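Visitor: I am new to this structure and would like to get to know one part of it well. Please choose a single part, take me there, and then show me what surrounds it.

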Amino acid sequence: MHTICKKGMISLSLALLMLFGAVAGAFRPMSTTAAEDYRMWTQLDGRWINVDMNGTTIGRSGCLITSLSIMAMASGSLDSKALSNLGISNANQFNPGVLATAYRKRGAFTYGGGIASWGTINQIIPSITFVKDAYLKSYTRSSIASEIKSMMDQGMYVIVNVNGHHWVLIEGVIGDKVYMNDPATHSTLMFDQYAISGGNEYWALKGKNPPAAFKDPNTTTTTKKVTTTKKTTTTTTTTTTTTTTTTTTTTTDTTTTTTTIVTEPVVTLEAPEEYYYTSDKTADVYTMPSELSESVAQMKNGYVFEISAVSGDYGLIQGESESLGWVQLKDAKKTSAEKKYIAGDINNDMKVDIYDLGLLSEYLKNLKVLPDGIATLSNCETEAADINCDGKVNEGDVLVYLMLICI
């Protein structure tokens with residue numbers, strides 16, 4: 001938050017440089033480390049977060065391409081022809097970045113990362129067949145679950161659009177519970193994470209092998225790693241020259257470590273709430289509402305974000321098109337607008353000056369660095385930064401500031 005304090009001052013010459021595109025912050029992605037299990041692939045993995053998708057990146061818009069990648073692995077569809085088309089020698093080299101690159105080379109992305117042709121996946125991976133792009137006919141949880149299960153029972157993989165912008169691959173259905181591989185949050189229960197009311201768009205595809213039989217995890221908590229404890233008993237018998245038999249029994253307990261991530265119920269907010277981070281200590285943004293999960297970004301003092309759901313003391317950061325991850329709210333405060341900001345007065349000190357220009361420059365620079373969902377200006381401050389009132393905050397506003405300040 002930026003109130004009366006004059007924060008972010010820069011020189012006029014620096015602002016002019018930025019106006020002509022000379023100032024560009026080095027992009028250092030906030031990445032997660034993907035688990036070895038392909039089902040845990042996330043679009044935010046540092047290995048492919050910045051892979052180009054024609055005007056966007058996997059990190060911003062790659063939920064569908066990541067879901068397709070998981071489906072390709074799950075169906076065992078990477079045969080020799082597919083590997084050749086992808087430019088790799090074995091399936092261990094495959095990942096969402098490889099698939100996105102293959103799409104881009106074929107001109108198969110519209111500008112902004114949309115998939116231009118449903119059939120492209122078959123051209124790249126011949127064992128995958130696109131069946132249909134349709135909309136769910138059901139509007140209750142039980143009927144939606146039943147409809148999806150019916151398609152999976154017929155050997156189809158189903159990728160569902162859960163909120164108008166975000167796609168997830170369905171892993172299995174047990175009763176009214178729909179389990180998913182979510183490239184953004186790593187949550188597993190679709191209805192718990194998203195407000196699905198029916199009529200959602202979906203893709204149905206077939207691979208070399210049908211979906212594997214899905215077993216109920218039989219747990220009410222979210223578990224990322226499941227290991228077991230085994231007890232083995234070894235019996236050694238030694239027979240002497242007499243009729244006496246001596247038996248020695250050795251029992252060995254072999255225990256592996258079990259890591260179970262337990263989360264509180266997720267409560268979706270009626271409307272997003274805006275917060276700013278107040279601590280001088282850096283905080284992690286996690287894939288799940290638990291510090292035991294993977295970190296996808298970092299929160300620093302002054303960063304502003306909106307949350308769309310809460311789980312315990314964690315809030316789900318909502319980006320422009322999809323959620324980013326979970327952050328603890330103990331060191332965050334809700335933003336407030338005691339009075340209306342006037343155009344140009346970002347720090348609300350009743351003047352439009354070099355200090356406001358500095359805040360605008362800082363905001364524009366960080367747009368190239370921060371992940372979608374985190375910014376350096378609040379909604380009110382961003383509205384004030386739009387000094388030319390064209391509905392956008394960009395270098396055009398910098399020019400207006402320069403004209404006003406230099407007069």
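Guide: What follows is a walk around one strand, E2, and then outward to its surroundings.

A word on the model: it is predicted, so local features need pLDDT of at least 70 and side-chain atom pairs count only at pLDDT 80 or more, while totals for chains, interfaces and linings use all residues. Residues are numbered from 1 along each chain as its sequence is written, and side-chain values use heavy atoms, with hydrogens and water left out.

The protein has 11 helices and 15 strands; helices (H or I, at least four residues) and strands (E, at least two) are DSSP runs, numbered from the N terminus. Of its 407 residues, 45% are buried, where buried means under 20% relative accessible area, exposed means over 50%, and partly exposed is in between (1.4 Å probe, protein chains only).

Now to our strand. E2 covers residues 157-161, and 5 of its 5 residues are buried. In a regular strand, side chains alternate between the two faces of the sheet. Here Tyr157, Ile159 and Asn161 are on one side, Val158 and Val160 are on the other, and both faces are covered.

Next, look sideways. E2 belongs to an open sheet of 5 strands in the order E1-E5-E2-E3-E4, with antiparallel pairing; two strands pair if DSSP finds at least two bridges between them. E1 (129-135) and E4 (177-181) stand at the edges with a single partner strand each, so one side of each has no neighbour in the sheet. From one strand to the next, the twist averages 35 degrees. Axes here are lines fitted to C-alpha atoms, for helices over the stretch in contact, and angles run from 0 to 180 degrees between N-to-C directions.

E2 is joined to E5 by 4 bridges and to E3 by 3 bridges. Val160 takes part in both pairings: its bridge partner is Tyr202 in E5 and Val168 in E3. Between E2 and E3 lie 5 residues that complete a hairpin, and Gly164 in the turn has a positive phi of about 95 degrees. Asn161 has Trp167 of E3 as its bridge partner.

Two helices pack on this sheet. H3 (residues 63-74) touches E2, E3, E4 and E5, and its direction makes about 45 degrees with that of E3. H7 (residues 141-153) touches E1, E2, E3, E4 and E5, at about 90 degrees to the direction of E3.

One residue of H3 helps us see how helix and strand meet: Ser67. Ser67 is buried, with a relative accessible area of 0%. Beyond its neighbours within four places in sequence, Ser67 is in contact with Ile159, Trp167, Val168, Leu169 and Pro183; contact means heavy atoms within 4.5 Å. The side chain of Ser67 also reaches the backbone oxygen of Cys63 at 2.9 Å. That is a polar contact: a pair of N or O atoms within 3.5 Å, where within protein one must be able to donate a hydrogen and the other to accept it, and residues adjacent in sequence count only if both atoms are side-chain atoms.

Let us step into the core. A nonpolar core is a set of buried Ala, Val, Leu, Ile, Met, Phe, Trp, Tyr and Cys residues joined through side-chain atoms within 4.5 Å. The largest one has 37 residues, of which Ile65, Leu68, Leu99 and Tyr103 touch the most other members. Elements giving two or more residues to this core include E2, E3, E5 and H3, and H3 gives the most, with 7 residues. Another core, of 22 residues, lies apart from it, and its members include Val160 and Val168.

Our last stop is the aromatic rings. Rings of Phe, Tyr and Trp (its six-membered ring) pair if their centres lie within 6.5 Å; planes under 30 degrees apart count as stacked, over 60 as edge-to-face, and the rest as tilted. By this rule there are 10 aromatic pairs. In one of them, the ring centres of Tyr38 and Trp41 are 6.4 Å apart and the planes are at 65 degrees, so this pair is edge-to-face. Trp167 and Trp203 also pair edge-to-face, at 6.2 Å centre to centre and 65 degrees between the planes. Trp167 is in E3 (residues 167-174) and Trp203 is in E5 (residues 201-206), so their pair ties together parts 36 residues apart in sequence. Both Trp167 and Trp203 are buried.
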